[in-house]
Amino acid sequence: MADEVRIRLLGGFAVTVEDRPVASGGGGNFGIVTSLEFRLHPVGPQVLGGLIFYPLAQARRVVTGWRDLTGGMPDELTTMVALTTAPPLPSLPPEAHGTRLVVLAGMYAGDPAAGEAAVGPLRTLGTPIADLMGPLPYTDVQSLLDPLWTPGAHNYFTSAFVEPSDDALDAALRHHLTTPTPFSEVHLHQLGGAFARVPAEATAFSRRAPGVLCNVIARSPGAAGFDAHVAWARAAREDVARHGDGSMYVNFTGDAAGDRVRAAYPGAVHERLVRVKDAHDPTNLFRLNQNVRPSAAA
């Protein structure tokens, strides 16, 4: 592009071009970033975070109980449910290795002592197999799951924003029972809090109402059989998405087809992004992505 445009990255989510909200969460549609200006928030160095493992037999009780707790959680506490298969961690009993289970992941971005009270109810949703939630360095939280994401694996993500009704959660649990590999997972991300108090029109990330983001992950160590794994993820996503408005998160969009991109951006937001694309990339040079197409390429 001929002209350098000053781009500001706000809080890791919103990108503004010349002080106008443009993109959010890694769109990659509008140009080459030549400089970044961060607004940082102090966290740590010690935080309260980690994982609580529950057995599959308690899955529905844990997931619905977690859903009921999220509305009253303080802004400092962010949680996620992972419907997964137990890895061979020494912190888990050997009989749990390789079994399907439910993991509550969370972090309290504040005083760890205050965090203990905030996460307390999460420990009462069932009988944990292992409780690995406690004080640890913030940097450790950021790399907690890195050993599980080995190089060379094939990964496919797809997602849906949903209301966490019993039916929606039951759909997620059903597909947890049919994961095609031990590495494939269904994640339920908590929404709401300060996140939901940003006006929907303020950034391109506009699905801010309280609820749940369901991320379906098909993953295998290599290419063998991966098409079938992707088919499982797509079917799971479509089933869960029936309990929402059909929208998805652009960073968890395994397919870059136009209808999927539009499902990530509501009508007025997509129209604004097209106008920005028209101004800064009218020939659609940056198109190997979840592409917002300029008017001339539509």
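Is Asp245 buried or exposed at 53% relative accessibility? Asp245 counts as exposed, because its relative accessibility of 53% lies over the 50% cut-off. This residue belongs to one of the salt bridges described below, in a model that is predicted.

**Overall picture**

The protein chain contains seven helices and 11 strands, and of its 298 residues 47% count as buried. Among the contacts in the protein chain with a separation of 6 or more, 72% are accounted for by residues 24 or more positions apart. The accessible surface of the protein chain amounts to about 14500 Å², and carbon and sulfur atoms hold 58% of it.

Confidence should be kept in view when these values are read. The average pLDDT of the protein chain is 86, and 90% of the residues score at least 70. Over residues 1-26, however, pLDDT stays under 50, and for this stretch the model has 64 contacts beyond four places in sequence.

**Nonpolar cores and a surface patch**

The largest nonpolar core has 40 residues, and within it Trp66, Leu104 and Leu188 are the residues with the most contacts. Helix H5 gives the most to this core, contributing seven residues. A second, separate core is made up of 13 residues, including Met248, Val269, Leu273 and Val292.

Leu188 touches a set of residues that are spread along the sequence: leaving aside residues up to four places away, its partners are Val63, Trp66, Met80, Val81, Leu169, Ala172, Val212, Leu213 and Cys214. Trp66 therefore appears both among these partners of Leu188 and among the residues with the most contacts inside the largest core.

On the surface, a nonpolar patch is formed by Val33, Leu36, Phe38 and Leu40, which together have about 440 Å² of accessible area. Val33 sits in the loop between strand E3 (20-24) and strand E4 (46-55), and with a relative accessibility of 45% it counts as partly exposed.

**Salt bridges**

Side chains of opposite charge can pair when their charged atoms come close. A search of the whole structure finds 12 salt bridges, and three of them are set out in the table, with the distance between N and O atoms.

| Salt bridge | N to O distance |
|---|---|
| Arg60 and Asp170 | 2.7 Å |
| Arg207 and Asp245 | 2.8 Å |
| Arg237 and Glu238 | 3.1 Å |

The side chains of Arg60 and Asp170 meet in a salt bridge. Arg60 lies in helix H1 (residues 59-70) and Asp170 in helix H4 (residues 166-176), so this pair ties together parts that are 110 residues apart in sequence. Both residues are partly exposed, Arg60 at 39% relative accessibility and Asp170 with a relative accessible area of 22%.

The salt bridge of Arg207 and Asp245 joins side chains that come from loops. Arg207 is in the loop between strand E10 (185-190) and strand E11 (212-220), whereas Asp245 is in the loop between H5 and H6, so the pair ties together parts that are 38 residues apart in sequence. Arg207 counts as partly exposed at 22% relative accessibility, while Asp245, as stated at the outset, counts as exposed at 53%.

In the salt bridge between Glu238 and Arg237, Glu238 is partly exposed, with a relative accessible area of 37%, whereas Arg237 counts as buried at 4% relative accessibility. Elsewhere, salt bridges that share partners join Arg60, Arg67, Asp68, Asp166 and Asp170 into one network.

**Two loop residues with distant partners**

His243 is found in the loop between helix H5 (226-241) and helix H6 (258-264). Apart from residues up to four places away in sequence, His243 touches Val162, Glu163, Ser165, Asp167, Ala168 and Ala171. For the last of these, the C-alpha atoms of His243 and Ala171 are separated by 9.1 Å, although the two residues are 72 residues apart along the chain.

Pro128 has its place in the loop between helix H2 (112-119) and strand E7 (130-131), and it is partly exposed, with a relative accessible area of 30%. Its contacts, not counting residues up to four places away in sequence, are with Ile52, Phe53, Tyr54 and Arg123. The C-alpha atoms of Pro128 and Ile52 are separated by 6.6 Å, and these residues are 76 residues apart along the chain.

Methods. Residues are numbered from 1 along each chain as its sequence is written. This is a predicted model: local features need pLDDT of at least 70, side-chain atom pairs count only at pLDDT 80 or more; totals for chains, interfaces and linings use all residues. Side-chain values use heavy atoms; hydrogens and water are left out. Patches are made of residues with over 30% relative accessible area and no salt bridge: like charges are joined within 9 Å, nonpolar side chains (Val, Leu, Ile, Met, Phe, Trp, Tyr) within 5 Å. Accessible areas come from the Shrake-Rupley method with a 1.4 Å probe; for residues, only the protein chains shown count as cover. A salt bridge is a side-chain nitrogen of Lys or Arg within 4 Å of a carboxyl oxygen of Asp or Glu. Helices (H or I, at least four residues) and strands (E, at least two) are DSSP runs, numbered from the N terminus. Buried means under 20% relative accessible area, exposed over 50%, partly exposed in between (1.4 Å probe, protein chains only). Contact means heavy atoms within 4.5 Å. pLDDT is the predictor's confidence in each residue, from 0 to 100. A nonpolar core is a set of buried Ala, Val, Leu, Ile, Met, Phe, Trp, Tyr and Cys residues joined through side-chain atoms within 4.5 Å.
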